[in-house]
Amino acid sequence: MAQGLTEDQQILITSDAFQRGDFATAKKGYLRLYKETNNILYAKEAAISAASLGDINTAVELAMLYKKVTKNDKDIYINKILVDGYIKTGQIDKAISLLEKIRKEDKSLMLDSVLGSLYLGQKNYSKAFEIFNKIYNQAHDEDSLEKLITIFFVQNSQQEAIDLLSSHLEKYGCSPDLCQRSFNTLIQLNELQVAKRVFGELYEKEPVVRNAQLYIGVLVLLKEFDKAQQIAQSYPFDRRLLLDLYTAQKKFALAAKQAGLIYNEQKDPKFLALEAIYTYEDLSANNALQKSDVIQITKKLEQAIMQRKQALIKTKGDLDGQDAFFYNFLGYSLIEYDLDIKKGIDYVKVALKIEPDSIFYIDSLAWGYYKLGSCSEAKKLFFSISEEEINSQPELKAHSKSIAACQ
């Protein structure tokens, strides 16, 4: 015996290692015992230890040895090891056949789940459905739920999938992962009213941030912005969510305030620019816009653009589509209110470099030339826009008459 230990002492040490989860030591101990005693039961324990360790090759080799020596085809532990070996080597039919035999003795849901997954992999949907339906009815677990939904979709039973999913969410709730996947699925299927009902109920039952986010997401897609805003104001979400909700409802005063708060917190010049633009939109909508207001707004926009330039120099980044919008808004304001037409034209030209096909930026530049009295340049530029596009935009249509009459 090893190191002068008796067989019983070795068994105690090896068994203790297994109980502690030290499967490497247990495998080594049981292999030594088998070698010294030739007792096939030690080979079985070594196989179980190897399987627990993840050493499937050794486990299968020992399991086959045990089966050969004992002629025992019904040992559940050995058969489970052989199933793992078959699965690993891609012998799925053999794995299924053996699992079906084991299942007569072992009624565990875990075994059913493995067999059901193998059926699913083999596209034997009827048998897979039978197993996962049984598991789900007993456990109402998310794994079997998702397997059933997968089978429904594969078989083009979309409504059954939606009914099962919504029923589960309403009765049992969902983990964060399942909630998000369910949200994505319902949105992709355009089942917005189902999503509204389901996530609305989840939110009512448990008004936590995660449920609020999903419910708000559905409300936004349904354009129920006011309700989404009411919920969002109760939670410490990213301020940009509220900003988007305010702008969607054209609540520009609140949007301007929110953009200003974001700028003060993050010092991102884009939000300084948005604060200026939403202030303009609010005053304009209320017929309260004065030239003095426009002067302050353009100053804030120039400040934002300067800060943005400095940030891009540091990051070696490029101007984007949102920058183009800011440049054009500033340029057009300087032109329209006769604050500095030439400077305004320069800003609009930057916007056009970023987005040269924008009819709105082309219109702004043409309007600048018109204001300078450069009629030929204004006409040439403006009438490069198609008549259909001009007529579809009221502001362009209004400019069209003035530019056409320019002498």
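Mentor: Let's start with a cut-off: an angle over 145 degrees between two helix axes counts as roughly antiparallel. Keep in mind that we are looking at a predicted model.

Trainee: Thanks! Why are helices α12 and α13 called roughly antiparallel?

Mentor: Helix α12 (residues 192-205) and helix α13 (residues 209-221) pack at about 150 degrees. That angle is over 145, so α12 and α13 count as roughly antiparallel. Their axes lie 9 Å apart, and the crossing of the pair is left-handed.

Trainee: Which residues in α12 and α13 meet?

Mentor: On the α12 side, they include Leu 192, Phe 199 and Tyr 203. Their counterparts in α13 include Leu 214, Tyr 215 and Val 218. By class, the residues of this contact divide into 11 nonpolar, 2 polar and 1 charged.

Trainee: How do you know how α1 and α2 are oriented relative to each other?

Mentor: By the same reasoning. The axes of helix α1 (residues 7-19) and helix α2 (residues 23-37) cross at roughly 155 degrees and come within 7 Å. With the angle over 145, α1 and α2 are therefore roughly antiparallel. Here α1 passes α2 in a left-handed crossing. Among the residues of α1 that take part are Ile 11, Thr 14 and Phe 18, and those of α2 include Phe 23, Tyr 30 and Leu 33. This contact has 7 nonpolar, 6 polar and 3 charged residues.

Trainee: Let's turn to charges. What makes Glu 275 and Lys 300 a salt bridge?

Mentor: The closest N and O atoms of Glu 275 and Lys 300 are 3.4 Å apart. The limit is 4 Å, so this pair qualifies. Glu 275 lies in helix α17 (residues 269-285) and Lys 300 in helix α18 (residues 291-315), so the bridge ties together parts 25 residues apart in sequence.

Trainee: Why is Glu 275 put in one burial class and Lys 300 in another?

Mentor: Buried means under 20% relative accessible area, and exposed means over 50%. Glu 275 has 18%, so Glu 275 is buried. Lys 300 has 29%, which places Lys 300 in between, as partly exposed.

Trainee: How do you know that Glu 302 and Lys 343 form a salt bridge?

Mentor: Their closest N and O atoms are 2.8 Å apart, so the pair falls within the 4 Å limit. Glu 302 is in helix α18 and Lys 343 in helix α20 (residues 341-354), 41 residues apart. Glu 302, at 22%, is partly exposed, and Lys 343, at 32%, is partly exposed too.

Trainee: What does Asp 320 pair with, and where does Asp 320 lie?

Mentor: Asp 320 meets Arg 308 in a salt bridge, with 3.4 Å from N to O. Asp 320 lies in the loop between α18 and α19 (321-336), while Arg 308 is in helix α18, so this pair ties together parts 12 residues apart in sequence. At 17%, Arg 308 counts as buried, whereas Asp 320, at 27%, is partly exposed. Shared partners join Lys 270, Arg 308, Asp 320 and Asp 323 into one network of salt bridges. A search of the whole structure finds 16 salt bridges.

Trainee: One last residue: what makes Tyr 278 buried?

Mentor: Its relative accessibility is 14%, which is under 20%, so Tyr 278 counts as buried. This residue of helix α17 touches Leu 243, Thr 247, Phe 252, Ala 255 and Ala 256, leaving aside residues up to four places away in sequence.

Conventions. Residues are numbered from 1 along each chain as its sequence is written. This is a predicted model: local features need pLDDT of at least 70, side-chain atom pairs count only at pLDDT 80 or more; totals for chains, interfaces and linings use all residues. Side-chain values use heavy atoms; hydrogens and water are left out. Axes are lines fitted to C-alpha atoms, for helices over the stretch in contact, and angles run from 0 to 180 degrees between N-to-C directions. Helices (H or I, at least four residues) and strands (E, at least two) are DSSP runs, numbered from the N terminus. Angles under 35 degrees count as roughly parallel, over 145 as roughly antiparallel, 65 to 115 as roughly perpendicular and the rest as oblique. A crossing is left-handed if the near helix is turned anticlockwise from the far one by less than a right angle, and right-handed if clockwise. Contact means heavy atoms within 4.5 Å. Ala, Val, Leu, Ile, Met, Phe, Trp, Tyr, Cys and Pro count as nonpolar, Asp, Glu, Lys and Arg as charged, and the others, Gly among them, as polar. A salt bridge is a side-chain nitrogen of Lys or Arg within 4 Å of a carboxyl oxygen of Asp or Glu. Buried means under 20% relative accessible area, exposed over 50%, partly exposed in between (1.4 Å probe, protein chains only).
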